[in-house]
Amino acid sequence: MIRARGLTRRFTVKRTPVEAVRGLDLDIEPGQLVALLGPNGAGKSTSLRMLTTLLPPTSGTATVAGHDIRTDPAAVRARIGYVGQKNSAGENYRARDELITQGRSYGLSGCDARRRAEEVLDLLDLTALADRKPGTLSGGQRRRLDIAMGLVNEPELLFLDEPSTGLDPHSRANIWEHVLRLRAEHRATLLFTTHYLDEADNMAERVVVVDHGRVIADGTPGGLKADLAGDRIIITVAQPDVAAAAGIAERMADADAVRVEDRTIQVRVPRAEAALPEYLRALEDTGIKAVAAETARPTLDDVFLALTGRSLRESET
Ligand SMILES: Nc1ncnc2c1ncn2[C@@H]1O[C@H](COP(=O)(O)OP(=O)(O)OP(=O)(O)O)[C@@H](O)[C@H]1O
């Protein structure tokens, strides 16, 4: 559904070149739900804007929904939907009319555009709000209208640029409920950008991690966490035992990234369930008693940290 090779985009800001996207290679199969995850300025929106033909690449090639973005942008646009970061509906007309106008712009007859508007209103649970002007809708309702606008042409592939940014948790969950239903019922392929770690983790089947315009990891959330981050075990001991307990952690097979903070020792291991009893036994053998012991599963932030040495949260400045 998407095949990009070496997609690159450079901007010049005050005579200084900015490498927004540096050689993006990406293959996405039909039906996949893929997240582009990365900090602000990583190049996510620029990648999406190139793939949706809104921005020409500086170099590189891509076919999207079977058509070349450079030589056949109209055919690409006819087959995709794009929900940008900004609201796509205007302020002056009722939601239903915005959707009808959108349908007409895709070449639908008046009758077909009205029928399609009712379908997408229903799909996004907006029928009761169809006579309201977009400016009077709540943030979550407005975002649903943006998605409805992106669906008018029945796209095979939907691009969503930060679909839930700025929404409260309830509205975020509601947006995702709709997106997932859309996917289940219409088998659409979905590529979305986010800097919410939990969103990429919980919603996407595949996460493409980008940083400074490059893909730095690509896999299932579980696979990335297992391969790049691993579990952690966290042990608290009495103050005089800290150095000895940290030393034992350092010598454990398959363990690494030992961190000591106050009386707590954290260590990264492949499988915490197996490593924790082993560590506790090794401590007991030297007469050290753990005051507290817990295990922690990795997050995608641990993946980002392992890859870049930075936390994705800290990168959000
Ligand atoms: N039109 C433009 N002119 C100049 N520089 C740009 C332009 N668009 C993007 N950039 C720069 O390109 C880089 C990538 O920006 P982009 O918006 O793609 O990142 P992003 O990962 O989508 O970030 P965010 O999460 O904040 O939306 C940034 O350094 C940005 O300032």
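Okay, a definition before anything else: two strands count as paired if DSSP finds at least two bridges between them. Keep that in your heads, and remember that what we're looking at is a predicted model.

So let's put that definition to work. Strand 3, residues 33-37, and strand 9, residues 206-211, are joined by 4 bridges, and the two run parallel. If you want a spot to click on, try Ala35, which sits opposite Val207 in strand 9.

Now zoom out a bit. That pair belongs to an open sheet of 6 strands, and reading across you get the order 6-7-8-3-9-10, with mixed pairing. Who's at the edges? Strand 6 (80-83) and strand 10 (214-219), and since each has a single partner strand, one side of each has no neighbour in the sheet. On average, neighbouring strands here are turned by 15° against each other, if you ignore direction.

Something also lies over this sheet. Helix 11, residues 300-308, goes across strand 3, strand 9 and strand 10, at about 40° to strand 9.

And helix 11 has a helix partner too. Helix 8, residues 221-229, packs against helix 11 at about 45°, and their axes are 9 Å apart. With that angle, helix 8 counts as oblique to helix 11. The crossing of these two is left-handed. On the helix 8 side, the contact uses Pro221, Leu224, Lys225, Leu228 and Ala229, while helix 11 brings Leu300, Asp302, Val303, Ala306 and Leu307. Sort the residues of this helix 8 and helix 11 contact by class and you get 8 nonpolar, no polar and 2 charged.

Let's hold that up against another helix pair. Helix 3 (residues 95-105) and helix 4 (residues 110-123) pack at about 125°, with axes 8 Å apart. That angle makes helix 3 oblique to helix 4. Their crossing is right-handed. From helix 3 the contact takes Arg96, Leu99, Ile100, Gly103 and Arg104, and from helix 4 it takes Asp112, Ala113, Arg114, Arg116, Ala117, Val120 and Leu121. For helix 3 with helix 4, the split is 6 nonpolar, 1 polar and 5 charged.

Okay, next sheet. This one is open as well, with 4 strands in the order 12-13-11-14 and antiparallel pairing. Strand 12 (256-261) and strand 14 (290-296) are the edge strands, each pairing on one side only. Neighbouring strands of this sheet are turned by 15° against each other on average, direction ignored. Looking closer, strand 12 pairs with strand 13, residues 264-269, in the antiparallel sense over 4 bridges. Asp256 stands opposite Arg268 of strand 13. And this sheet has a helix over it: helix 10, residues 272-285, lies across strand 11 (231-237), strand 13 and strand 14, running at about 25° to strand 11.

Last stop, the ligand. How many residues surround the ligand? There are 13, and the closest are Phe11, Ala20, Lys44, Ser45 and Thr46. Strand 1 (2-13), strand 2 (16-28) and helix 1 (44-51) each supply at least two residues of that shell. Which element gives the most to the shell? That would be helix 1, with 3 residues. By class, the shell has 5 nonpolar, 7 polar and 1 charged residues.

That's the tour, so let's go to the viewer.

Notes. Residues numbered from 1 in each chain as written. Predicted model: local features only at pLDDT ≥ 70, side-chain atom pairs only at ≥ 80, totals over all residues. Near = placed C-beta within 6 Å. Nonpolar A, V, L, I, M, F, W, Y, C, P; charged D, E, K, R; others polar. Axes fitted to C-alpha atoms, helices over the stretch in contact; angles between N-to-C directions. Contact = placed C-beta atoms within 7 Å. Parallel < 35°, antiparallel > 145°, perpendicular 65-115°, else oblique. Left-handed = near helix turned anticlockwise from the far one by under 90°.
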